[in-house]
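Subject: Structure handover

Hello,

Here is the structure we discussed, with the sequence alongside. My notes on it follow below.

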Amino acid sequence: MKATIWHNPKCGTSRNTLAILQERDGVDVEIVEYLKNPPAREKLAQLFADAGMTPAEGLRLRGTDAEERGLSQADDDTVLDAMAAEPILINRPLVETEKGARLCRPKERVEDIL
């Protein structure tokens, strides 16, 4: 099985989720450092839809100005545009497999799609 993780190596939850993926037999892990190589707006929309969540639910509030900008209350298009322009606004880690996508907070949520 292939698993893609949109990863931030400075984030403990992201590192722990990556470790779960790497320790699992039969999982081919693709690591995308999303701050360096952000997903396209369309990919973000697809990931959130596959995870059964809204873009606002995938918004990183801590350590960003998202609240001050009103992004947590904004419509999906506004949030996706902001995330595409400033990937620091994307909460992490996002993981995608053939079974779906998850925002893996907590890290154990990755098990749902393995």
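Does C11 count as buried or exposed? The model is predicted, and in it C11 has 5% relative accessibility, so this residue counts as buried. The cut-off used for buried is under 20% relative accessible area.

The other cysteine to look at is C104, which is buried as well, with a relative accessible area of 0%. As for disulfides, the count comes to zero. C11 is in none, and the nearest cysteine sulfur to its own belongs to C104, 11 Å away. The converse holds for C104: its nearest cysteine sulfur is that of C11, at 11 Å. A disulfide needs the two sulfur atoms within 2.5 Å, so a separation of 11 Å does not qualify.

Next, the helix. Helix α1 runs over residues 12–23. With 12 residues at 1.5 Å a residue, α1 should span 16 Å, and its end C-alpha atoms are indeed 16 Å apart, so the two values agree. Five of its residues are listed as buried: S14, T17, L18, I20 and L21. They cover an arc of only 155° around the axis, which means that they lie on the same side of α1. What covers them includes three strands, β1 (2–7), β2 (28–33) and β3 (94–97).

β3 appears in several of the findings on strands. It pairs with β1 in the antiparallel sense over three bridges, and in this pairing L94 of β3 is the bridge partner of W6. β3 also pairs with β4 (residues 100–103), again in the antiparallel sense, over four bridges. There T97 stands opposite G100 of β4. β3 and β4 form a hairpin, with two residues between them.

In a regular strand, side chains alternate between the two faces of the sheet. For β3, L94 and E96 are on one side, while V95 and T97 are on the other. These four residues are all buried, so both faces of β3 are covered.

Last, a loop residue. N8 is found between β1 and α1. With a relative accessible area of 7%, N8 is buried. Leaving aside neighbours within four places in sequence, N8 is in contact with S14, Y34, L35 and R92. Of these, S14 is one of the buried residues of α1.

Regards

Terms used:
Residues are numbered from 1 along each chain as its sequence is written. This is a predicted model: local features need pLDDT of at least 70, side-chain atom pairs count only at pLDDT 80 or more; totals for chains, interfaces and linings use all residues. Side-chain values use heavy atoms; hydrogens and water are left out. The expected span of a helix is 1.5 Å times one less than its number of residues. Buried means under 20% relative accessible area, exposed over 50%, partly exposed in between (1.4 Å probe, protein chains only). The arc is that of the directions from the helix axis to the C-beta atoms. Contact means heavy atoms within 4.5 Å. Two strands pair if DSSP finds at least two bridges between them.
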